[in-house]
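Hi everyone, thanks for coming. I'd like to walk you through a structure that may be new to you, so please have a look at it on the screen while I talk.

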Amino acid sequence: MATCPPYPTNPPRPHWWQRAWVRYGAVATLLATSGLVILALVREQTGTQGFLVGLGLAVLPVPLLIAAFRWLDRVEPGPWRNLLFCFAWGACAAALIAIIANSFATRWIATATADPAGADTLGATVIAPVVEESAKAAAVLLVFLFRRRDFTGIVDGVVVAGVTATGFAFTENILYLGNAFGTDQLTGDSGFASVTAATFFVRVVMSPFAHPLFTVLTGIGFGIAALSTGRHRLRRALLPPAGLLLAMGVHALWNGSAAFGEYGFLAVYGAFMVPCFGLLTWLVIWTRQRELRTVRTELPAYVMAGWLAPAEPHALGSMHARRLARQYARRHAGKQAARAVAQYEAYATSLAFLRRRGREGRAGADFALRERELLGALWQRREVARPALDHAARVTAPPPVAAWPGHGAYGAQGMYGARAGHGTYGSAYGYAGPWAPAFAAAPSPTPYPVSVRPPYP
């Protein structure tokens, strides 16, 4: 007797607005339109020459800041499309919202109070921080909601927020530097005594990290919320707004530093901004080391199942070993092999984070499917990646501990549980020892349990 299939053979097709190309096209159109409008507004205020000078000077810190945030994200690098969206949002959409809202609010206050100077001060210390941080936080919120797979912790929040703020600062610097150049054109000043040079020194040399520092506080709030389990719904709901409010407060303090006297700017810069920047840098680096420990802790479960070679958790949990593995692959098999090793490292890291979220009850309903996808991606690249990671593991292995006569290192069983007389890293992890040839092939995978046997040749 025929029975109906458990699932429909022809699932309903998504509506046209649910298709990926429609969403991508809408976002690209929005950002492009915002970019054209902000370009016209900035050029109108600075003039063509001022715009070109401001653009040439404002672009200088951008590659350094992007490289710094990308370096922080090296453990589990996010896709470039997310960073491109964040930078474009900050430079185009957020900057457009800020310039329109700030101008409107300042003019309204000046008209209502008949005090243009007071309106400018209030606009800089109150209106601008609220408007600008809210506009930049919108990009972090969008990535958090619609790219949740790529937003898993504090580092992701810092990178997304920092790149968004970098784009915003880029556009703002064009405006400030272009206006400064226009002032110098009217007064005839040039060189180090010019307003352009002073503006460049303050905004690009001394404080290129100012806007990223503000918005990173919002990103940390979203990052901690991403780490919270389902039982902490209140924490997930309150931490992002708390980070946003803190970002607004720090931004207001920075903008209002000129009101603290002649040396107010330097006092706020030295007593608050620099220590805050150092503290956040320490937090991000500490978080990155914690992520590497997660890799070393979670991946041995896949070693036991045979998906990974015994030494891979050690190699994948060290940035130095990862770099050696990529260099080894490039030296012996070319750029394509090095790229495959980098992809293998990224997929393995994502697998470790996924398993940790599963243990903590934070994994979504697609946990099994996502795990299968990551394991499949690793399996497809194992022939290239395993020899490179094997080499990196042997090079970075801790030195063997000398054994007492008649005993192995750390007692009769030796280091890492090896037999007496073989207490070395190589013997403990299944290799012939540190003297094994560097070109030895990766060990063949152990037999898989039936439940996890990969469907690959």
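Let me begin with a question: what covers the buried residues of α12? The cover includes α9, which is residues 264–298, α11, which is 312–316, α13, which is 335–359, and also α15. Keep that picture in mind, and please remember throughout that we are looking at a predicted model.

Let's stay with α12 for a moment. This helix covers residues 319–333, so it has 15 residues. From the first C-alpha to the last it reaches 21 Å, close to the 21 Å expected at 1.5 Å a residue. Which of its residues are buried? They are Met319, Ala321, Arg322, Leu324, Ala325, Tyr328 and Ala329. Notice that an arginine, Arg322, is on that list along with Met319 and Leu324. If you follow the chain just past the end of α12, you arrive at Gly334, which takes a positive phi of about 100 degrees.

Now let's step back to the whole chain. How many helices and strands are there in the protein chain? There are 16 helices and zero strands. The chain has 457 residues, and buried residues make up 46% of them. Its accessible surface comes to about 24,000 Å², and 67% of that belongs to carbon and sulfur atoms. As for contacts in the chain with a separation of 6 or more, 74% of them are between residues 24 or more positions apart.

Next stop, helix α7, residues 210–227. Its 18 residues should span 26 Å at 1.5 Å a residue, and its end C-alpha atoms are indeed 26 Å apart, so the two values agree. Even so, α7 has a bend of about 25 degrees at Val216. Is this helix enclosed or open? Of its 18 residues, 16 are buried, so α7 is largely enclosed by the rest of the structure.

Thr218 gives us a view from inside α7. With a relative accessibility of 0%, Thr218 counts as buried. Leaving aside residues up to four places away in sequence, what does Thr218 touch? Its contacts are Ala137, Gly243, Leu244 and Ala247.

Let's turn to charges. The count of salt bridges comes to eleven, and I'd like to show you three of them.

Take Lys136 and Glu133, whose side chains meet at 2.8 Å, N to O. Both belong to helix α4, and because they are three residues apart there, about one helical turn separates them. Are these two residues buried or exposed? Lys136 is buried, at 0% relative accessibility, and Glu133 is buried too, with a relative accessible area of 0%.

Another pair is Asp390 and Arg394, with their closest N and O atoms 2.2 Å apart. These two are four residues apart in helix α15, residues 382–395, so they too are separated by about one helical turn. Asp390 is buried at 3% relative accessibility, and Arg394 is buried at 15%. While we are on this topic, salt bridges that share partners also join Arg149, Asp366, Arg370 and Glu373 into one network.

My remaining pair is Glu383 and Arg382, which form a salt bridge at 3.6 Å, N to O. Here the two partners fall into opposite classes: Glu383 is exposed, with a relative accessible area of 58%, whereas Arg382 is buried, with 15%.

Finally, let's visit the surface. Which residues make the nonpolar patch of about 320 Å²? They are Leu141, Leu145 and Phe146. Phe146 sits in helix α4, which covers residues 116–146, and at 59% relative accessibility Phe146 counts as exposed. So α4 gives us a buried salt-bridge partner in Lys136 as well as an exposed phenylalanine in Phe146.

One more exposed residue before I stop: Leu84, in helix α3, residues 80–113. Leu84 has a relative accessible area of 61%, so it counts as exposed. How far is Leu84 from Gly167? In sequence they are 83 residues apart, and in space they are 9.6 Å apart, C-alpha to C-alpha.

That's my tour. Thanks for listening!

Note on methods: Residues numbered from 1 in each chain as written. Predicted model: local features only at pLDDT ≥ 70, side-chain atom pairs only at ≥ 80, totals over all residues. Heavy atoms only, no water. Patch = residues over 30% accessible without salt bridge, like charges linked within 9 Å, V, L, I, M, F, W, Y side chains within 5 Å. Areas by Shrake-Rupley, 256 points an atom, 1.4 Å probe, with all protein chains shown as cover. Salt bridge = Lys/Arg side-chain N within 4 Å of Asp/Glu carboxyl O. Buried < 20%, exposed > 50% of the residue type's maximum accessible area, 1.4 Å probe, protein only. Expected span 1.5 Å × (residues − 1). Bend = angle between axes of the 7 residues up to and from the residue. Contact = heavy atoms within 4.5 Å.
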